[in-house]
Amino acid sequence: MKQRSFYVFETSHPVVPACYVIVTLCLTMAAMQPVLIAISLIGAFAANCCARGPRSTFAGLRWQLPVIAIIALFNPLFSASGSTVLFYLGARAVYLESLMYGLAMGGLFVASALWFMASSRMLTFDKVMALFGNVAPVVALMISSTMRMIPRFVRRGHQILSVQGAQGVPTSGAVDAAKNRLRLSSVLMGWGMEDSLEMADAMRARGWGAASRRTTYTRYRFRARDVYALTVLLLAAALCCALAMVACSQFLFYPVLSRLVVWWGYVPYAAWMLFPAAMHAVRSRRFA
């Protein structure tokens with residue numbers, strides 16, 4: 001299947017998308033504030049719609065929404081903290097604050113996974129190797145493999161489910177559905193370990209690690225426009241980090257849920273998170 005074009009940082013030096021990816025992932029995973037999490041989730045979803053297509057992105061909601069619901073429902077069972085009691089499960093109270101914290105954690109987890117998927121298209125394997133190939137080849141290989149792992153597992157999960165459906169594997173009832181998911185996880189783990197062994201054998205056969213330093217071909221040159229782009233990104237990243245710190249300091253989950261207010265600081269943060277989707281839309285219209 002032909003890969004969908006993603007017109008984001010395609011002509012930039014790899015250090016530019018690497019800066020954006022690192023800052024975005026750090027902001028997403030560190031900013032524990034509902035509005036910031038929602039903005040990051042929307043930005044990641046929009047970036048994946050541009051990179052993988054709306055159909056594939058919306059299909060991912062079949063596992064993303066249950067994950068958010070599971071984390072939101074299970075957090076009050078393990079963290080009985082808060083001041084607003086919703087109901088009791090036996091002798092254990094379920095608090096609104098714990099439920100909202102679990103909902104935020106679920107959104108943060110899904111947003112991080114979506115950004116990893118989009119980042120694998122912005123920071124491709126050749127760009128990662130151009131950045132770290134000679135300095136830290138093992139780190140470069142580990143980063144590229146990690147960024148490819150999530151979208152590959154999702155794609156292979158769809159393939160396994162299609163094969164199970166073609167073979168007439170029963171899916172009626174909650175028990176059968178749970179058995180199919182367990183079988184799916186087992187096949188994915190086995191497939192992943194088999195791939196890792198084959199990759200290790202192939203790399204050893206091609207002389208990986210035979211020399212302390214190896215020569216590589218790179219087609220990327222650090223030009224003046226990359227300096228300007230990197231400078232703007234770093235200034236915007238500093239602003240977004242400061243805004244995220246202020247927003248997180250003004251909001252508390254415990255002991256009482258803080259009230260959310262309209263704030264101008266959400267606008268620059270949203271511009272940062274929606275930048276890949278906006279950049280893709282502008283450039284795809286130009287190349288159409």
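**Close-up 1. Tyr 101, a residue that is neither fully in nor fully out.** In this predicted model, Tyr 101 counts as partly exposed because its relative accessibility is 26%, and partly exposed covers the range between under 20% (buried) and over 50% (exposed). Phe 253 is another story: its relative accessibility is just 7%, so it counts as buried.

**Close-up 2. Counting ring pairs, and one that spans the chain.** The model has 12 aromatic pairs. One of them brings Tyr 101 and Phe 253 together edge-to-face, with 5.1 Å from centre to centre and 85 degrees between the planes. These two sit 152 residues apart in the chain: Tyr 101 belongs to helix α5 (residues 96-122), while Phe 253 is in the loop between α9 (224-249) and α10 (266-273).

**Close-up 3. Phe 253 has another partner.** Phe 251 also pairs edge-to-face with Phe 253, at 5.0 Å centre to centre and 85 degrees between the planes. Both of these Phe residues are buried.

**Close-up 4. A cis peptide bond at Pro 255.** Most peptide bonds are trans. The one joining Tyr 254 and Pro 255 is cis, though, with omega at about -5 degrees. You'll find Pro 255 in the loop between α9 and α10.

**Close-up 5. Phe 9 and its aromatic crowd.** Phe 9 joins Tyr 20, Trp 115, Trp 272 and Phe 275 in one aromatic cluster. Look for Phe 9 in the segment before α1 (15-30). With 4% relative accessibility, Phe 9 counts as buried. Its phi is positive, near 60 degrees.

**Close-up 6. Arg 156 over a ring.** Here the charged end of Arg 156 sits over the ring of Trp 191, 4.3 Å from the ring's centre.

Definitions and conventions:
Residues are numbered from 1 along each chain as its sequence is written. This is a predicted model: local features need pLDDT of at least 70, side-chain atom pairs count only at pLDDT 80 or more; totals for chains, interfaces and linings use all residues. Side-chain values use heavy atoms; hydrogens and water are left out. Rings of Phe, Tyr and Trp (its six-membered ring) pair if their centres lie within 6.5 Å; planes under 30 degrees apart count as stacked, over 60 as edge-to-face and the rest as tilted. Helices (H or I, at least four residues) and strands (E, at least two) are DSSP runs, numbered from the N terminus. Buried means under 20% relative accessible area, exposed over 50%, partly exposed in between (1.4 Å probe, protein chains only). A charge sits over a ring if NZ of Lys or CZ of Arg is within 6 Å of the ring centre and within 35 degrees of the ring normal.
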